[in-house]
Amino acid sequence: MIADVLAETTGRMSRAVEAAKEDFATVRTGRANPQLFQKVLVDYYGSPTPLAQLASLANPEARSLIVTPYDKSALKAIEQAIRDMPNLGANPSNDGNIIRVTMPELTEERRKEYVKLVRSKGEDARVQIRGIRRKAKDELDALKSEVGEDEITRGEKELDALTRQHVEAIDDALKRKEAELLEV
């Protein structure tokens, strides 16, 4: 029973770490990266649709991206959604068939803002991990009558080790992203 709780908790924590890494990828560095546009939602016939479902993204140069819509009628909506995306600073231009997105050079001040944003996202991920830990601890405490006190204590130690391991994974990803952001 304790093993089941720990296995489920490990899966949840691993998914939280992956979600944090994906979230970090949406914060831009000096390069144009298709992952930056992962969270762009386009108003397509009245429903918000992810950009990846409406267009293909190509990266011909370091600071530019080409968006080729599958449906040409969505061109204006895609362009507007990219322009309205916060923390992107992108400047899309439309030639009737494709959208060229040129990313401006990052200033030192803007890089520091992005570092703050990434740190905030990292703290949110740590809070999520701690929430998962708290729920697992409650599940372990509920098993106290069925299993022994010693088994629960051992399970809690394993839970703490799991928590530490996943928080360190988030911290490592955060350090890599900060170094990437501050690199000129």
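Contact, as the word is used on this tour, means heavy atoms within 4.5 Å. The model open in your viewer is a predicted one, and the tour begins at a helix, moves through the strands and the core around that helix, and ends among charged side chains.

**Helix α3 and what covers it**

Select α3, residues 75-84, and colour Leu75, Ile78, Glu79, Ala81 and Ile82, which are buried. Looking down the axis of α3, you will find that these buried residues fall within an arc of 165°, so they line one face of the helix. Now turn to the face directed away from that buried side, where Lys76 and Asp84 are exposed. To see what covers the buried residues of α3, show the elements around the helix, which include β1, α2, β3 (55-61), β4, β5 and β6.

Next, keep isoleucine 78 selected and display its surroundings. Neighbours within four places in sequence left aside, isoleucine 78 is in contact with Val42, Leu51, Leu54, Ala55, Val67, Pro69 and Ile99.

**The nonpolar cores**

Widen the selection to the largest nonpolar core, which has 20 residues, and in which Phe37, Leu51, Val67, Ile78, Ile82, Val101 and Met103 touch the most other members. The elements that give two or more residues to this core are α2 (51-54), β4, α3 and β6, and the largest share, 4 residues, comes from α3. Apart from this core lies another one, of 18 residues, with Met13, Ala125, Ile129 and Ile132 among them.

**Strand β6 and its partners**

Go now to β6, residues 99-102, and show its side chains. Which of them are buried, and which are not? Ile99 and Val101 point to one face and are buried, whereas Arg100 and Thr102 point to the other face and are not. This alternation can be set beside the general pattern: in a regular strand, side chains alternate between the two faces of the sheet.

Add the strands that pair with β6, starting with β4 (residues 64-69), which runs antiparallel to β6 and is joined to it by 4 bridges. Within this pair, isoleucine 66 stands opposite arginine 100. Then add β5 (residues 91-94), which also pairs with β6 in the antiparallel sense, over 4 bridges, with asparagine 94 standing opposite isoleucine 99. β5 and β6 form a hairpin with 4 residues between them, and glycine 96, in the turn, has a positive phi of about 100°.

**Two tyrosines at the β1–β2 loop**

Select tyrosine 45, found in the loop between β1 (41-44) and β2 (47-50). Most residues other than glycine have a negative phi. Tyrosine 45, by contrast, has a positive phi near 50°. Tyrosine 45 counts as exposed because its relative accessibility is 65%, and the cut-off for that class is over 50%.

Leave tyrosine 45 on display and add tyrosine 44. A search of the whole structure finds 1 aromatic pair, and tyrosine 44 and tyrosine 45 form an aromatic pair that is edge-to-face, at 4.7 Å centre to centre and with 65° between the planes. Tyrosine 44 is partly exposed, with a relative accessible area of 22%.

**Salt bridges of α4 and α5**

The last stops are taken from the 16 salt bridges found in a search of the whole structure. In helix α4 (residues 108-142), select arginine 110 and glutamate 113, which lie 3 residues apart, about one turn of the helix. These two side chains form a salt bridge, their closest N and O atoms being 2.8 Å apart; arginine 110 is partly exposed at 25% relative accessibility, and glutamate 113 is partly exposed at 36%.

Move next to the salt bridge between glutamate 178 and arginine 119, given as 2.8 Å from N to O. This pair links distant parts of the chain, with glutamate 178 in helix α5 (residues 149-182) and arginine 119 in helix α4, 59 residues apart. Glutamate 178 counts as buried at 14% relative accessibility, while arginine 119, at 46%, counts as partly exposed.

Within α5, select lysine 177 and glutamate 180, which are separated by about one helical turn because they are 3 residues apart. Their salt bridge has its closest N and O atoms 3.6 Å apart; lysine 177 is buried, with a relative accessible area of 7%, and glutamate 180 is partly exposed, with 40%.

Finish by selecting Glu123, Arg126, Arg130 and Asp171 together, as these residues are linked in a network of salt bridges.

Key:
Residues numbered from 1 in each chain as written. Predicted model: local features only at pLDDT ≥ 70, side-chain atom pairs only at ≥ 80, totals over all residues. Heavy atoms only, no water. Buried < 20%, exposed > 50% of the residue type's maximum accessible area, 1.4 Å probe, protein only. Pairing = 2+ DSSP bridges. Core = buried A, V, L, I, M, F, W, Y, C linked by side-chain atoms within 4.5 Å. Phe/Tyr/Trp six-rings, centres within 6.5 Å; stacked < 30°, edge-to-face > 60°. Arc of directions from axis to C-beta. Salt bridge = Lys/Arg side-chain N within 4 Å of Asp/Glu carboxyl O.
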